Structures are given as C-alpha cells and as structure tokens.
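Hi,

Here is the structure I promised to pass on. Have a look at it first, and then read my notes underneath.

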Amino acid sequence: MIRLDKYLSDAGLASRRELKDLLKAGAVTVNGKPVADGAAKVDPESDRVCFHGEPVEGPRRVVLLLHKPAGFVTSTEDPRDRTVMELIPAAFLRQKVVPVGRLDKETEGLLLFTNDGDLAHRLISPKHGVEKRYYARHEGTASAEDVEAFAAGLTLKDGTLCRPAVLRPLGPGESEITVTEGKYHQVRRMMAARGLPVVYLRREQEGSLSLDGLALGETRELTEAEIAAL
Ligand code: URA
C-alpha cells in the first residue's frame, strides 16, 4: 500500500503540491469514489485510481530521447552550467528519469534518459558493445591510414587503449565515427590522437535509435517496441 499522493506524483500526473488542490477539487477517485486526502493508502495492484475519470497508470518505465544542444552539461545538478535536466518536460522529471551515459557540454545529439537502472546499465556497459555513431567536423582530412588505425584499436595520447572503431571520412574536415564504448571525451581524444582535432561533434545514432528529424532541444518518448529493440 502506498500513499495516494505518492502514487499520483510517481505516475507523473502533477507535483505533490499541485495534487493537493486537485484532490480537494474531487478530481481523483479510488474505485469510483472521490478521495480528497492525499495521505489515503492505495494498493497499486488492486485499486482503480482515476483522474478526471481516466485511469492513472502507476510508476512505469520511461525511456526518452533528447536532441541535446551544445552548452548543457550531462549531469543532474551543476553549480555553474545549465544541465540537460532543464530540457526535460516536468512530467518526465517526476518519473525520475536520469541521463544514460553522457555527452560533453559542447557535443550535440542523441542522449537517452530513463528511470530503469538495469536498462541504463546495459546501454552504457562496454560489455554489450552498443554502437554509437557520431558526425564530426574537424581540422585536416582523415586518410586511409587513419581509418586503419581506428580499425586496429587506437592508443590515446595518455596510453589508453580503445576498442576497434570505424572511421568513415566524408570529405575534407568531415567524418563519421562509430564506437562501442564511452570513455571520457572518447571521440575527441581519438581524433586528436590522429592529428584531426574535432571542432564540432554530434551523436547521430545509438544502437537502433537515431535522431530522425527530432529538433534540437526536443525530447520524445520511446515506444515499447523501440525499447525492446535496444
Ligand atoms: N566522445 C566525445 O569526445 N564527446 C562526447 O560527447 C561523446 C563522445
């Protein structure tokens, strides 16, 4: 049994404070009867909770895709910078989503959020080798030797060994990079190790997911089918 107000706020309906007024106004029924007291206990398994007549789902798994703009740090709090949490609609914040992995402050592109810790772990863990594809603009032009060095597994300037990765030169100063791990500043450091410093970076794909025309700064919730395909 859990408190009715907690059940409703976990479902992302409204904040605990907003709920007080909604409850008072009779917007919430439990098994067909209006309940005004947020402290009332409900059984999420057997009680039927409705809001304005519509059944309220209990806490559920949420996976979001954000098209992250530059200038936001991937963190839930930061003393100086704006964080990616500012870009997440309030209803999803109430579902307690957090970023899966990270993108640098200046990197744009696909960033996932979820409230499912196991799923987050699977997506981040290099053991599962989820492919992440980036588009980079950089100084210089990637050569066949650079492509080979990526394929062989690069050694970064500090001695860190990288897994084999795919570098696909697109033209002067432009490349696509696909990696299966997520070390700190990985793509920027891999490119720097080949004398190709990155000036712009965007993650375009992660596993089966891509940005698919999602506007910069926008989020969209994944369907169960998309989550299953992850
Ligand atoms: N590699 C980087 O260097 N930065 C990112 O944000 C992601 C991958």
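Below is what turned up around the ligand and in the pocket.

One thing to keep in mind from the start: this is a predicted model.

Let's begin with the ligand. Its surroundings are made up of Leu 103, Asp 104, Thr 107, Tyr 134, His 185, Gln 186, Val 187, Arg 188 and Leu 201. Sorted by class, that shell comes to 4 nonpolar, 3 polar and 2 charged residues. Helix α6, which spans residues 186-193, provides the largest share of the shell, with 3 residues.

Now for the polar contacts. Thr 107 uses its side chain: a polar atom there lies 3.0 Å from an oxygen atom of the ligand. With Val 187 the backbone is involved instead, as one of its polar backbone atoms is 3.0 Å from a nitrogen atom of the ligand. Arg 188 also comes in through the backbone, with an N or O atom 3.0 Å from a ligand oxygen. As for how covered the ligand is, it has 230 Å² of accessible area on its own, and the protein covers 95% of that.

And where does the ligand sit? In the largest pocket. That pocket has a volume of about 350 Å³. It is lined by 23 residues, and the ones closest to its centre are Arg 102, Tyr 134, Gly 182, Lys 183 and Arg 203. Tyr 134 is worth finding on screen, since that residue is in the shell around the ligand and also among those closest to the pocket centre.

By class, the pocket lining splits into 10 nonpolar, 5 polar and 8 charged residues. Four elements each supply at least two lining residues: α4 (117-124), β12 (132-138), α6 and β15 (198-206). So you'll meet α6 twice, here in the lining and in the ligand shell.

Cheers

Methods:
Residues numbered from 1 in each chain as written. Predicted model: local features only at pLDDT ≥ 70, side-chain atom pairs only at ≥ 80, totals over all residues. Heavy atoms only, no water. Near = heavy atom within 4 Å. Polar contact = N/O pair within 3.5 Å; in protein donor to acceptor, adjacent residues only side chain to side chain. Areas by Shrake-Rupley, 256 points an atom, 1.4 Å probe, with all protein chains shown as cover. 1 Å grid on protein atoms, 1.4 Å probe; cavity = no way out; pocket = protein on both sides within 12 Å on 5 of 7 lines; lining within 4 Å. Sits in = over half its atoms within 2 Å of the grid points. Nonpolar A, V, L, I, M, F, W, Y, C, P; charged D, E, K, R; others polar. Points joined across faces, edges and corners; volume = space filled by probe spheres on them.
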